[in-house]
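Colleague: I'd like a close look at the sheets in this one, please. Walk me through how the strands are ordered and paired, and then go on to whatever packs around them and to the cysteines.

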Amino acid sequence: MNDTLIPTTPIPTTEPVAERDPLWLYLHFPLLALESQQLEKGIAGLLDERGQKLALCSYDAGQVGIEPGMAIATAFSICPEIELFHPNPERLQQQLESLALWAGNYSAQVVLCPPEGLLLEIASMLHYFGGLQPLWNAMQASLRTLGFQVKYATGHTPQAARLLARAGRSLCIEGKQAHQQVLQLLPIQQLELPAKQQDQLRGMGLLRLEQLLDLPRDAISSRFGPKLLHYLDRISGQQPDPQTCFEPPPAFSQFHEFSREVESSLALLFPLRRLISDLAMFLAGRDCGVQRFVLLLEHRRQPASELPVGLLGAERDPERLFELAR
């Protein structure tokens, strides 16, 4: 059931509406590749591409001394009960898109930044939420419910917000000048530049972004090529940096693949809750509800079974949908 939007006539005013400076918010989910597969909190790790070492570790794993880069045998010697996952790019992309649907409740322009980032245009939403801090407070409360670890930062350009968030600045401020002051202090190694170029810059005695920006533009272009100059211009806002916004899919379809064989229907409840939560975010992003959905259960030695769930009226509350499916 779609909500009907009733247009209203704006009240005339003699005061011109002040045009806001651009403002972007970047959300970086550093553990999303693991969190997209881990159903419950606990000691868990994500293997690297070769399946020999840990690429990511859960918070609980870190508390017992397990850390990224550790060999599997070492991790098992510390905690034999550790749950290990192989990389699943498809599941990671699916989870990032679900978060983009959730972010649509706070911004009309959401950009996917694979594999673990979202960019939101928020200048146009500040009036609706009553300012930057109320907007971020609402998002934080919702993120705590979702259970994903996140680093965040605002910026006057998309690149500024991205760099500050990935550097772990946890910044929530307005104003181009304020952002530039923080940006200038970023170490060269926190810029998204090739390793060889970073070594060259440090070899010249350049340790922070402000030192790089102080160089003559001609010197930067002649020594490192125009590509670096264009990158710096996108960070500072001197060059446009158009973004492609995420378009929600017309229908909702998600899957969960178990890491081991399931022998009890009770084990289905944890992934079911996650899937239902993603469905609710999809429905909220489209401002609608669902009256019927289907659970498809695949089996090893027999055909898949379908479990249709029907409601008398359209619904999008995740707890209500979960109780019915359960």
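Modeller: Two strands count as a pair here if DSSP finds at least two bridges between them. Keep in mind that we're looking at a predicted model.

On that basis, one open sheet has three strands in the order β3-β2-β4, and its pairing is mixed. Its edges are β3 (54-57) and β4 (83-85), each of which pairs on one side only. On average, neighbouring strands in this sheet are turned by 30° against each other, if you ignore direction. For the parallel part of the pairing, look at β2 (residues 44-47) and β4, which are joined over three bridges. If you want a spot to zoom in on, Leu46 sits opposite Phe85 in β4.

Now for the open sheet of four strands, which reads β5-β6-β1-β7 and has antiparallel pairing. At its edges are β5 (109-113) and β7 (151-155); each has a single partner strand, so one side of each has no neighbour in the sheet. Here the average turn between neighbouring strands is 20°, again with direction ignored. Follow β5 to its partner β6 (residues 117-121) and you'll find five bridges in the antiparallel sense. In that pairing Cys113 stands opposite Gly117 in β6.

This sheet has a helix lying across it, too: α4 (residues 89-103) crosses β1 (24-28), β5 and β6, and runs at about 165° to β5.

Speaking of cysteines, searching the whole structure turns up zero disulfides. Take Cys79: its closest cysteine sulfur is in Cys57, 11 Å away, and that's too far for a bond. Cys79 is buried, at 7% relative accessible area. Cys288 has its closest cysteine sulfur 20 Å away, in Cys245, so a bond is out of reach there as well. With a relative accessibility of 12%, Cys288 also counts as buried.

Last, a helix pair. Helix α7 (residues 158-166) packs against helix α12 (residues 226-236) at an angle of about 90°, with the axes 5 Å apart. Angles of 65 to 115 degrees count as roughly perpendicular, so that's the label for α7 and α12. On the α7 side the contact is made by Gln159, Ala160 and Leu163, while α12 brings in Tyr231, Arg234 and Ile235. By type, the residues in this contact of α7 with α12 come out as four nonpolar, one polar and one charged.

Terms used:
Residues are numbered from 1 along each chain as its sequence is written. This is a predicted model: local features need pLDDT of at least 70, side-chain atom pairs count only at pLDDT 80 or more; totals for chains, interfaces and linings use all residues. Side-chain values use heavy atoms; hydrogens and water are left out. Axes are lines fitted to C-alpha atoms, for helices over the stretch in contact, and angles run from 0 to 180 degrees between N-to-C directions. Helices (H or I, at least four residues) and strands (E, at least two) are DSSP runs, numbered from the N terminus. Angles under 35 degrees count as roughly parallel, over 145 as roughly antiparallel, 65 to 115 as roughly perpendicular and the rest as oblique. Contact means heavy atoms within 4.5 Å. Ala, Val, Leu, Ile, Met, Phe, Trp, Tyr, Cys and Pro count as nonpolar, Asp, Glu, Lys and Arg as charged, and the others, Gly among them, as polar. A disulfide is a pair of cysteine sulfur atoms within 2.5 Å. Buried means under 20% relative accessible area, exposed over 50%, partly exposed in between (1.4 Å probe, protein chains only).
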